Amino acid sequence: MRDPYEVLGVPRSANAAAIKSAYRKLAKKHHPDSNKGDPKAAERFAEINSANEILGDEDKRKQFDRGEIDAEGKPRFQGFPGGGGPRGRAGPGGFESYTFRSGGAGGPGGGAFEDILNSMFGGGMRGARPGAGGGAQFEFDTGGIGLDLDVNVAMSVSLEESAKGGEKRIRLPTGKELNVKIPAGVAEGQQIRLRGQGESAPGHTPGDLLITINIVPHPFFKVEGADLKIDLPVTLYEAVLGGKVRVPTLGNAVELSVPKNTSSGRTFRLKGKGLPKAGGTGDLLVTIRIMLPDGNDAELEALMERWRDQHPYNPRSGLG
C-alpha cells in the first residue's frame, strides 16, 4: 500500500482537521456507489479508508511517523521474541505473526471511523464484519446513502425585480439554461429551490437546484428591512420657500410637499412606497439634502452677507 499521506494528498504537517476534510472529500468522490462504471473504484475506496485508519487515529499516526508500523498498520520487524519488541502470537518458523484489525466499535478509532462514514452516507453503514486476514469489511445499504446531488448557484436581481417579482433566465454550471420565477418580495440571501433540477446519479433521486438571491445595489435607494431610504436634493429656495418636489419610487414618481424653512436632514415618510412584507408593504423614507449651486455666485453671496448681518443665529449653540 502507498504512503497514507500520499493517498490522502496531505503533507506530514497536516493537522487532524485537514486530514479529516481530505478523507471526506476523497471517500465521497471515490465511493463505489458513485462510480459504478469504474471497476477500480472499490480498490481506491479501500485504500482511502486504510490511509484514514492510520492518519485518522492519533496513536497510530504517531506509530507510523516513528516507523513502528507500516502503511497497512502492521508492526515493522523489531527483532526476535524476547528482544523487547511488540508481541504477537507464534507463527511458522518460530517468528511472531501480527494481525491488526481496522477497529470495531470497541477498537481504537473504530467508533470515530463509523461516525465519519455514517455522517457522510446518511446513516447507510450497516456495520463491520471480520474479513480475510482479520481486517474489517464494511457493508453499506445503498438505498440509504445520502449522496449530495444538490447544485448551488447565485443569481443577481435588481431591486425592482426583487420587489415586483418576475422571470429571469439562468445558466447552470452544466451549460443548461432555465427560466426561474422570482417571487415578489424576495430578500437578499434568500434561496429558491427547484426540485429535481440538480445533479443525478444512477439509483438515486435527482438533487435540487438551490438559487441564492443577490440583490444588486440600487443607484439611489438604500434597503433597510422592508423600508427604502433616499436622499432627496433640494435647492436653497425650495427649502426656504417650500414647494412640491418630485420623488422617485420603485413605481411611478410622486410629489412631496416640502414645508417652508425645511432644514437639511429632515426626513419624511411616504407610507406604502417600500418593499413587500408579510401583511403589507414597507415605507419610503425621504431625507432632505439642501444643495447649493455649483461655482461662485456673487449675487447669492451678497444676499447671504446682508442676511447674516441682519438676522444672525447659531444652529450649533446646543453643542456647547
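**Exercise 1.** Is E58 exposed or buried, judged by its relative accessible area?

*Solution.* The model is a predicted one, and the value for E58 is a computed relative accessible area of 56%. Since a residue counts as exposed over 50%, E58 is exposed.

**Exercise 2.** Describe the salt bridge between the side chains of E58 and K62, and state how the two residues are placed along their helix.

*Solution.* Begin with the contact itself: the side chains of E58 and K62 meet in a salt bridge with an N to O distance of 3.4 Å, which falls within the 4 Å cut-off. Next, consider the positions: both residues belong to helix α4 (residues 58-65), and because they are four residues apart there, about one helical turn separates them. Finally, compare the surroundings: E58 is exposed at 56%, whereas K62, at 41% relative accessibility, counts as partly exposed.

**Exercise 3.** Work out how exposed the partners are in the salt bridges R12 to D3 and R66 to E68.

*Solution.* In the pair R12 and D3, the N to O distance is 2.7 Å; R12 has a relative accessible area of 48% and is therefore partly exposed, and D3, at 23%, is also partly exposed. In the pair R66 and E68, the closest N and O atoms are 2.8 Å apart; here R66 is exposed at 54%, while E68 is partly exposed at 31%. These pairs belong to a count of 20 salt bridges, and elsewhere D227, R269, K271 and D283 are linked in a network of such contacts.

**Exercise 4.** Which residues lie closest to the centre of the second largest pocket, and what is the character of its lining?

*Solution.* The second largest pocket holds about 530 Å³ of space. Of its 16 lining residues, the closest to the centre are L236, V240, M304, W307 and Y313. By character, the lining divides into 11 nonpolar, four polar and one charged. By element, α8 gives the most, with five residues, and α7 (236-241) supplies at least two. M304 sits in helix α8 (residues 298-310) and is partly exposed at 37%; together with L303, W307 and Y313, M304 forms a nonpolar surface patch of about 440 Å² of accessible area.

**Exercise 5.** Locate N261 and state what is notable about its phi.

*Solution.* N261 lies in the loop between β13 (254-258) and β14 (267-270), where its relative accessibility of 61% makes it exposed. Its phi is near 55°, a positive value in a residue other than glycine. For context, most residues other than glycine have a negative phi.

Terms used: Residues numbered from 1 in each chain as written. Predicted model: local features only at pLDDT ≥ 70, side-chain atom pairs only at ≥ 80, totals over all residues. Heavy atoms only, no water. Patch = residues over 30% accessible without salt bridge, like charges linked within 9 Å, V, L, I, M, F, W, Y side chains within 5 Å. Areas by Shrake-Rupley, 256 points an atom, 1.4 Å probe, with all protein chains shown as cover. Buried < 20%, exposed > 50% of the residue type's maximum accessible area, 1.4 Å probe, protein only. 1 Å grid on protein atoms, 1.4 Å probe; cavity = no way out; pocket = protein on both sides within 12 Å on 5 of 7 lines; lining within 4 Å. Points joined across faces, edges and corners; volume = space filled by probe spheres on them. Nonpolar A, V, L, I, M, F, W, Y, C, P; charged D, E, K, R; others polar.
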